[in-house]
Amino acid sequence: MTHLRSGLLLSVVVIAAFRADAQTVSIYPTEVLLDHAADFQRIVAVAAREDGFTLDVTAQATVTFQPEGIAKLDESFRLVPVADGEATAIVTVGDKTATLPVHVKNAAATPPVSFRNDVQPALMRAGCNTGACHGSAQGKNGFRLSLFGFDPAADYLHLSRDVRGRRLAAASPDESLMLLKPTGAVPHEGGTRFDKDSELYATIRAWIAADAPDDPADLKTLTGVEVLPKEAVLEGEGTAQALTVIAKYSDGSDRDVTRLAILSTSDDQTVKIDENGVMTAGGRGGEAYVMARFGTFAVVSQAIVLPAGSQLQWPEVPVNNYIDEAIYAKLKKLRVPPAEIAPDDAFVRRVYLDVIGVLPTVEETQAFLADPAPDKRVKLVDQLLQRPEFPEVWAMKWAEVLRVQPSPVLDVKAMHRYNDWLRQSISEGKPVDRMASELLTAQGGNFASPAANFYIAEADPAMMAENVAQVFLGIQIKCAQCHNHPFERWTMDDYYSFSAFFGQVGRKASTDPRETIIFDRQSGEVKNLRDGRPMPPKFLGGAVPDVAGKDRRAVLAEWLTAPENPWFAKNMANRVWHHFFGKGIVDPVDDVRVSNPPSNPQLLDALAGKLVSYKYDLRQLVRDICTSYTYQMTTRPRDPNIMDGRNFSHALVRRMSAEQLLDSISLVTESKVKFPNLPVGARAAEVAGGDSGNYFLKLFGRPVRETVCTCE
């Protein structure tokens with residue numbers, strides 16, 4: 001087989017389910033398209049037991065075809081074409097049967113090998129274009145490839161034309177340096193990368209034998225990747241589960257790329273993954289993720305490993321709302337019971353600090369403890385949400401990531417106007433999406449229009465794009481400034497196309513020398529660093545919008561705050577969750593990527609959905625969180641052997657912020673602090689800038705607001 005491709009008409013997580021005695025069997029994928037002679041598709045059968053464990057039962061499955069002669073099953077449990085036509089694969093596991101539609105076309109044809117779709121994936125799988133090899137900035141031994149193949153045109157020239165094409169020998173492909181070095185036939189500093197009888201060798205050899213052609217202009221392009229099954233619950237060390245990785249292309253076809261994808265695990269002590277896509281439970285139980293990277297895309301499959309015979313005695317705990325439902329579902333899968341509820345004295349202290357940033361007074365605490373009402377916790381949450389300290393806490397949190405801090409470009413007066421705008425917006429209940437939109441579309445003088453200060457703190461369009469992606473979407477795209485992101489889907493084109501939304505932001509002086517006016521220049525382009533191309537504005541992971549005659553920032557704001565945006569609502573909900581639990585569902589909250597998946601995707605989806613349904617009313621989401629049983633758990637696990645720090649089975653012990661600590665000390669000592677530009681007795685949370693002029697706040701870690709990163 002000279003090169004391997006696979007086509008899949010449709011990929012669905014749960015393909016065919018059968019229930020008998022509370023068990024199910026699922027077949028992956030759902031429907032198979034084999035569109036040429038070398039095509040194939042691996043299938044995987046998974047049984048789910050009543051106790052929640054999953055089993056790979058592919059080896060126990062039998063497959064027959066109706067009619068026969070269209071497709072067949074090879075020794076690797078892969079469907080391969082025989083003749084053009086339609087067939088049904090009947091998969092039987094024990095007493096359960098699933099049917100799998102199979103479509104075959106061009107069974108006698110073998111398409112030419114593609115440099116971009118076949119050769120480059122082979123080079124990437126072999127590790128040739130990594131940063132430690134020829135993908136480094138300097139290359140290795142005079143030969144350089146783009147990092148992870150981000151520049152295929154340059155790679156093609158380097159391989160086929162550099163030094164008179166000495167790396168290729170079309171008349172005698174096996175004598176090509178491109179094959180001799182990675183197989184170890186001649187000295188190679190990188191060692192042996194693949195064997196002569198491997199699929200990688202066959203793919204590259206076929207391309208060289210065809211005289212190393214470049215790809216046509218209308219070549220199909222990679223549009224996505226999927227890994228199946230998406231989750232597995234493995235019982236005991238040594239239990240295995242096969243995965244299949246499927247690449248999707250712009251012409252509607254797809255392909256089994258399991259043996260071409262780069263496979264890795266987040267914790268090889270919990271689960272290991274081999275080059276054939278089989279993950280195996282390790283000796284340490286817990287949760288891990290297998291990441292499959294192919295091209296510019298990466299996806300993950302979750303693996304939970306539990307000791308054999310694991311059982312859970314679920315305690316009697318209330319389900320206060322959808323938050324508890326999602327948390328309990330994950331904890332049951334992990335065999336972890338939720339902690340007991342925190343006592344009243346712990347709850348009242350916690351909720352005061354979290355919601356309004358100060359301790360309760362002695363009188364407030366005594367009144368709450370003496371209240372016999374069963375719903376007193378809900379009532380207290382509602383009361384605190386109406387306190388004037390609530391908007392101060394959230395204005396401070398937003399000021400930290402929006403860099404509200406006086407500087408040579410941000411005047412002190414402008415900084416105070418900016419902070420006042422944040423506080424007033426939250427105080428009046430302005431929806432978070434509207435706040436974001438007003439910031440992105442702000443124009444005018446930064447005194448009269450305080451939101452315009454968003455464009456004063458940073459003037460570079462590329463840095464603006466980085467900040468907007470990180471603050472409002474939770475995505476860090478800075479790695480794509482010089483090369484395609486090594487662990488995410490973001491390319492250099494994505495980076496500079498997103499930066500193009502800010503290329504026309506103009507600045508001019510006002511009659512007041514301290515003030516700057518922000519306006520739309522209606523001209524100005526952002527160029528790709530690699531080749532100098534002017535880049536059209538393009539949404540991250542989305543389309544190229546029509547921006548002719550429009551303020552590009554307004555177009556971006558509409559997309560960013562739209563309910564269907566895949567990141568904005570989740571990011572906002574995750575930031576709120578982090579405030580109340582000390583850990584995000586995605587953590588860190590501003591590092592959303594495939595290799596950093598959410599600990600509870602269902603919960604994150606639910607919180608985001610509620611935030612959208614609440615029209616981005618922050619108070620309603622805070623109320624949901626604080627009235628959940630999950631928030632009210634004690635910090636002591638129900639089982640002292642539980643080491644969970646990721647799935648919210650108990651409250652985490654959290655350090656107080658510098659502002660909370662100083663305000664609490666001031667309260668209990670009945671002392672008053674004087675901050676610059678504020679009256680004696682003002683709270684630390686009211687200080688507008690990052691540099692408070694107070695040694696205590698600096699010592700205990702008040703963010704200096706030099707970056708938008710939550711790590712400050």
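This report walks through the cores, a helix, a sheet, the salt bridges and some backbone details of a predicted model.

## Nonpolar cores

Let's begin inside the protein. The largest nonpolar core takes in 118 residues, and Trp398, Leu402 and Phe472 have the most contacts inside it. Phe472 is a good residue to click on first. Leaving aside residues up to four places away in sequence, Phe472 touches Trp398 and Leu402, and also Ala436, Leu439, Leu440, Phe454, Leu560, Trp567, Phe568, Asn571 and Met572. Apart from this core lies another one, of 46 residues, including Tyr201, Val225, Leu263 and Phe297.

As background, nonpolar side chains in soluble globular proteins tend to be buried together.

## Helix α6 and its surroundings

Helix α6 covers residues 344-356, 13 residues in total. From its first C-alpha to its last it reaches 18 Å, close to the 18 Å expected at 1.5 Å a residue. Of the 13 residues in α6, 10 are buried, so the helix is largely enclosed by the rest of the structure.

Which residues of α6 are buried? They are Ala346, Phe347, Val348, Arg350, Val351, Tyr352, Leu353, Asp354, Val355 and Ile356. Note that Arg350 and Asp354 appear in that list alongside residues such as Phe347 and Leu353. The cover over these buried residues includes the helices α7 (362-370), α8 (376-385) and α9 (389-401), together with α15, α17 (618-626) and α18 (658-669). Just after α6 comes Gly357, with a positive phi of about 80°.

## A three-stranded sheet

For a look at strand pairing, turn to the open sheet of 3 strands in the order β13-β18-β17, where the pairing is antiparallel. Its edge strands, each pairing on one side only, are β13 (240-242) and β17 (271-273). On average, neighbouring strands of this sheet are turned by 20° against each other, direction ignored.

Strand β17 and strand β18 (residues 278-281) pair in the antiparallel sense over 3 bridges. To find your way along this pair, look for Ile273, which stands opposite Met279 in β18.

## Salt bridges

A search of the whole structure finds 39 salt bridges. Three of them are described here, starting with the pair Glu389 and Arg387, whose closest N and O atoms are 3.1 Å apart. Glu389 counts as buried at 14% relative accessibility, whereas Arg387 is partly exposed, with a relative accessible area of 23%.

Next is Glu438 with Arg434, where the closest N and O atoms are 3.3 Å apart. The two residues sit 4 residues apart in helix α11 (residues 432-440), so they are separated by about one helical turn. Glu438 is partly exposed at 26% relative accessibility, and Arg434 is also partly exposed, at 42%. This pair has company: Glu428, Lys430, Arg434 and Glu438 are linked in a network of salt bridges. What does the salt bridge between Arg533 and Asp493 tie together? Arg533 lies in the loop between β24 (526-527) and β25 (534-535), while Asp493 belongs to helix α13 (residues 492-499), so the pair ties together parts that are 40 residues apart in sequence. The closest N and O atoms of Arg533 and Asp493 are 2.7 Å apart. Arg533 is partly exposed at 33% relative accessibility, and Asp493 is partly exposed at 27%.

## Backbone details in the loops

Where are the cis peptide bonds described here? One runs from Leu228 to Pro229, with omega near -10°. Pro229 is in the loop between β11 (222-228) and β12 (231-235). Another cis bond runs from Asp587 to Pro588, with omega near 0°, and Pro588 is in the loop between α15 (568-581) and α16 (601-613).

Two residues other than glycine deserve a look for their positive phi. Asn106 has a phi of about 55°, and its place is in the loop between β10 (96-104) and α1 (115-125). Asn106 is partly exposed, with a relative accessible area of 41%. Phe148 has a phi near 55° and lies in the loop between α1 and α2 (152-160).

Terms used:
Residues numbered from 1 in each chain as written. Predicted model: local features only at pLDDT ≥ 70, side-chain atom pairs only at ≥ 80, totals over all residues. Heavy atoms only, no water. Core = buried A, V, L, I, M, F, W, Y, C linked by side-chain atoms within 4.5 Å. Buried < 20%, exposed > 50% of the residue type's maximum accessible area, 1.4 Å probe, protein only. Contact = heavy atoms within 4.5 Å. Salt bridge = Lys/Arg side-chain N within 4 Å of Asp/Glu carboxyl O. Pairing = 2+ DSSP bridges. Axes fitted to C-alpha atoms, helices over the stretch in contact; angles between N-to-C directions. Expected span 1.5 Å × (residues − 1).
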